[in-house]
Amino acid sequence: MARYVRDFSEGNKDQKDLLGGKGANLAEMTRLGLPVPPGFIITTEACRAYMANGELPPELRVEVTMAVRRLEDSLGRSLGDFHDPLLVSVRSGAKFSMPGMMETVLNIGLNDASVLGLAKFSDDERFAWDSYRRLIQMFGKTVLDIDGDRFAHALDAMKTDRGVAADTELSASDLQELVTQFKAIVREQSGRDFPQHPREQLDLAITAVFNSWNTDRARLYRRRERIPHDLGTAVNVVTMVFGNLGPTSGTGVCFTRDPSTGRTGDYGDYLPNAQGEDVVAGIRNTLTLADFEQLDPTSYAELRQAMRRLETHYRDLCDIEFTVERGKLWMLQTRVGKRTAGAAFRIATQLVDEHLITLDEALDRVTGAQLSKLMFPQFDSEAERTLLATGMSASPGAAVGQAVFDSATAQEWAAQGKDVILVRRETNPDDLGGMIAAVGVLTSRGGKTSHAAVVARGMGTTCVVGADALVVDSVARTMTVGTRVVHEGEVIAIDGSSGEIFLGSVPVVPSPVVDYLEEGLEAALAHLPQEDGETAELVSAVDRILTHADSVRRLHVHANADTAPDARRARTWGAQGIGLCRTEHMFLGERRVLIERLILATQDAERQAALDALLPLQRADFTDILEQMDGLPCTIRLIDPPLHEFLPDLTELSVKVALAAEQAEREGLPDDDDAAAERARDVALLAAVRRMHESNPMLGLRGVRLGLVVPGLFALQIRAIAEAAAQRVQDGADPRPEIMVPLVASVMELHLVRDEAERILAEVARAQDVALHIPIGAMIELPRAALTADRIAGAAEFFSFGTNDLTQTTWGFSRDDVESAFFPEYTERGVLNVSPFETIDTNGVGRLVRIAVEEGRSARPDLTIGVCGEHGGDPESVHFFDAVGLDYVSCSPFRVPIARLEAGRAAVAAGASDSR
Ligand code: PEP
Ligand code: MG
């Protein structure tokens, strides 16, 4: 078989890698006996050979000659013929559709001689000259790289000269003259004559399509869509059929169901007497398919039959391009059509009801990304809006509120019932209160795993980060974009799905899918207006597919939740436990001073007083969460971040102390006792802050290291967990806390914590007279932990991969800094396809995960293993975690339904590959 060329009759729809999407589907339609104009496909392999060697492979020339001859023989016409010429189009067609990215040249085969043949055959001189001028124009632009405006200007000048408004009003001789002008433009701009030989036109057009694979815009598109650069494109050479041969001709696009809503019934546009792009270009108003039926019932009936045939064959929504040439229908393209998120769910369940696909297949046809689109309120896209800037989408949703520039104001204004958007350069744990109070969070720095992004996502608060066009001045309480200054109190709107920031308010539409997740199907349906059958169908479809996902998935889904309300929501949304309860937030606010005292204590009594004050507070935190998660595992992580995060800012405190010293020098020491005590406290605090100051806190005194160094801190938390659990047991409940130790690098660290923990647990159990089994496990978030997993498993009853830190430490990337600093450049230059903080880097970080799973389980076969980094809620990563055999993924409550869906899809995909 030929290597680089396939006739349409030789391929099928499953050969998209080799034939590209368009080619594979043209071949499939040919096989089905649908009326496809004959043609052939130059494979992606030829494109890859061209890219590697910089020239067309010699065999390709030979194979093209053979394919053209076969085509000519089958039609009894030949390229460039003087009497009845064969004309072809040359169309790009990569494996994945890249709309508008690549080139097409129509009417190849026309030259000074064959244009006369076309005029004769078509009996339409005007049409022939119009086709020829279109060829020169398209060829000049895409193949010879001539500025398209030159042709457009010449065309406009001709229209002005003839006093007409539309191209269609130009006569045959006008167009003939235009051809002469266009040829002159080609000569002048490219230094060569427009090629008269059809074969030369064909070869140059093929090369141009190959070259269009590597244009800047095509590369950019592929980066965004995560399409590899090395696939190459196929080229389809197709016999021309004409929709612009008078009123009995025309061209159209149609769908077998509505791709925007998912409504059943066909749907499409038809434009009589028009060619290809005219329909999409919107030059005239199109007709509906119903109008088309009136106009040409025979072609319409044939089209309907083809649509049904294709939908039955592909068992999915098909999108079709067709042309009618003098009453004869031709199918120019089909593919499984793109659709909106809502349409995807509705169509999948419709097809199940029509017994065209199974529920497994329906699950495979929707994605977590689509589900998440359905979950967030969205701005009404019809509304008028003023775009201010665009940042990174960090947490979806649509928020409108008054801009505020610090956490305290956010809380104060929110308490007055105002909707506020907290705008910061970047956020830190101190901003938490403001973030909770705000309806949205906007930062000018940081990436998708910055503090703002992670926390906002965890809370389900709309968030846009890294909008670097904004200059945020928290002192002046303004943000500036160019010359526009936005003052505190001005209303802004942020779209967490697109990253857009608008000035003023934009109306939003709420999500019925969230209502369903919160209240259940029956209640959600009852809340809908009677006449809104489409939304009811959508909500029922989501329920059906999600329920099916739950029934087939192997992975459990837990949630990252630190508060009782979050735990409650997570459970409502389907979480089967808490995979990560971060405890550091519990030490902020009023409790921060207690932590300060703990750190500053020089004597046991002082330390003990601070611990005694913290214990009941911490115990109450855990009691509330255990209550919400009764009967389900609840993994509580001991305190993790560097201690200095709980202390005042070094610079601010230094300034305060220096000013006080200066004042004392000027005015003498204060005689007021309180002032003196405050000064002494500040001096001691400053010394502690200095002592604790680290240049690289993320790699410093944090996690288990902190627990081992600060006496009593972990013990306090462990005791609070044990006492909370004991109390719940006594109350007849079923608490299932687990203690998780962060940032473990060596098994010895874990042994030390475990020894202390076991002692405290036994003590509490004895004192309260209850049996307590509280598993103790390790977070695997350092390469060393992964590489010594067999040893660590010796002291751990479970592992949980902290893939945020594991990514940070495997790549040596500071997660708070790199995303905005150089990821854009890295993505641009192809080092990264996607941020490894968003989707797990399977080759590097994933390899460590695999090693740790294998070694951990070999040392302890009943080891429970989960993941609680951000990747736990990322669709692609969920598939990876399923494949490596984790027991659960844990993610923010809002991503729980997404993880449930994706875990189901992963199980279906794994089942399908097992049975292959
Ligand atoms: C992690 O590192 O993946 C993790 C969950 O911990 P944190 O993000 O709190 O450091
Ligand atoms: Mg971590």
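**Exercise 1. A salt bridge with a buried acid**

Task: In this predicted model, decide whether Asp316 is buried or exposed, and find which residue forms a salt bridge with Asp316.

Solution.
Step 1. Asp316 has a relative accessibility of 7%. The limit for buried is under 20%, so Asp316 counts as buried.
Step 2. The partner is Arg339, and the closest N and O atoms of the two are 2.8 Å apart.
Step 3. Asp316 sits in the loop between α12 (297-314) and β9 (318-325), while Arg339 sits in the loop between β10 (328-336) and α13 (341-353). The pair therefore ties together parts that are 23 residues apart in sequence.

**Exercise 2. Two further salt bridges**

Task: Describe where the partners lie in the salt bridge of Asp882 with Arg554, then state whether Glu667 and Arg666 are buried or exposed.

Solution.
Step 1. Between Asp882 and Arg554, the closest N and O atoms are 3.3 Å apart.
Step 2. Asp882 belongs to helix α36 (residues 875-883), and Arg554 to the loop between α21 (533-552) and β24 (556-560). Parts that are 328 residues apart in sequence are thus tied together by this pair.
Step 3. Asp882 has a relative accessible area of 9% and is buried. Arg554 has 40% and is partly exposed.
Step 4. Glu667 and Arg666 also form a salt bridge, at 3.7 Å from N to O. Both of these residues are exposed.
Step 5. The structure holds 63 salt bridges. Some are joined up: Asp130, Arg133, Arg134, Asp156, Lys159 and Asp167 are linked in a network.

**Exercise 3. The magnesium ion**

Task: Identify which residues coordinate the magnesium ion (ligand 2), and locate them in the chain.

Solution.
Step 1. The coordinating residues are Glu781, through OE, and Asp805, through OD, at 2.0 to 2.2 Å.
Step 2. Glu781 is found in the loop between β28 (776-780) and α30 (783-787), and Asp805 in helix α32 (residues 803-811). The pair therefore links parts that are 24 residues apart in sequence.
Step 3. Glu781 is buried, with a relative accessible area of 2%. Asp805 is buried as well, with 3%.

**Exercise 4. The largest nonpolar core**

Task: For the largest nonpolar core, name the residues that touch the most other members, and explain why the core lies between two domains.

Solution.
Step 1. The core has 98 residues, and those touching the most other members are Val741, Ile792, Phe799, Phe801 and Leu886.
Step 2. Helix α28 (residues 713-730) gives the largest share, 11 residues.
Step 3. Residues come from both domain 5 (553-642 + 699-915) and domain 6 (647-693), so the core lies between them.
Step 4. Take Phe799 as a case: leaving out residues up to four places away in sequence, its contacts include Ala778, Ile780, Ile792, Leu863 and Gly866.
Step 5. Another core lies apart from this one; it has 59 residues, among them Tyr50, Leu71, Ala154 and Ala205.

**Exercise 5. Aromatic pairs**

Task: Classify the ring pair of Phe127 and Phe242, and that of Phe379 and Phe502.

Solution.
Step 1. A search of the whole structure gives 20 aromatic pairs.
Step 2. For Phe127 and Phe242, the ring centres are 4.9 Å apart and the planes stand at 85°. Plane angles over 60 degrees count as edge-to-face, so this pair is edge-to-face.
Step 3. Phe127 lies in helix α5 (residues 125-142) and Phe242 in the loop between β5 (233-239) and β6 (250-255), so the pair connects parts 115 residues apart in sequence. At 3% relative accessible area, Phe127 is buried; Phe242, also at 3%, is buried.
Step 4. For Phe379 and Phe502, the centres are 5.8 Å apart and the planes are at 90°, so this pair is edge-to-face.
Step 5. Phe379 lies in strand β11 (residues 378-379) and Phe502 in strand β22 (residues 500-503); the pair therefore ties together parts 123 residues apart in sequence. Both Phe379 and Phe502 are buried.

**Exercise 6. Met698**

Task: State where Met698 lies and which residues Met698 touches.

Solution.
Step 1. Met698 is in the loop between α26 (673-692) and α27 (704-709).
Step 2. Its relative accessibility is 27%, so Met698 counts as partly exposed.
Step 3. Not counting residues up to four places away in sequence, Met698 touches Gln808, Arg815 and Asp816.
Step 4. The C-alpha atoms of Met698 and Ser814 are separated by 8.1 Å, although the two residues are 116 residues apart along the chain.

How values were computed
Residues are numbered from 1 along each chain as its sequence is written. Chains are lettered from A and ligands numbered from 1 in the order in which they are written. This is a predicted model: local features need pLDDT of at least 70, side-chain atom pairs count only at pLDDT 80 or more; totals for chains, interfaces and linings use all residues. Side-chain values use heavy atoms; hydrogens and water are left out. Donors are N, O and S atoms within 2.8 Å of the metal (3.2 Å for Na, K and Ca); water is not among the atoms, so sites may look incomplete. Helices (H or I, at least four residues) and strands (E, at least two) are DSSP runs, numbered from the N terminus. Buried means under 20% relative accessible area, exposed over 50%, partly exposed in between (1.4 Å probe, protein chains only). A nonpolar core is a set of buried Ala, Val, Leu, Ile, Met, Phe, Trp, Tyr and Cys residues joined through side-chain atoms within 4.5 Å. Domain bounds come from an automatic or database domain assignment. Contact means heavy atoms within 4.5 Å. A salt bridge is a side-chain nitrogen of Lys or Arg within 4 Å of a carboxyl oxygen of Asp or Glu. Rings of Phe, Tyr and Trp (its six-membered ring) pair if their centres lie within 6.5 Å; planes under 30 degrees apart count as stacked, over 60 as edge-to-face and the rest as tilted.
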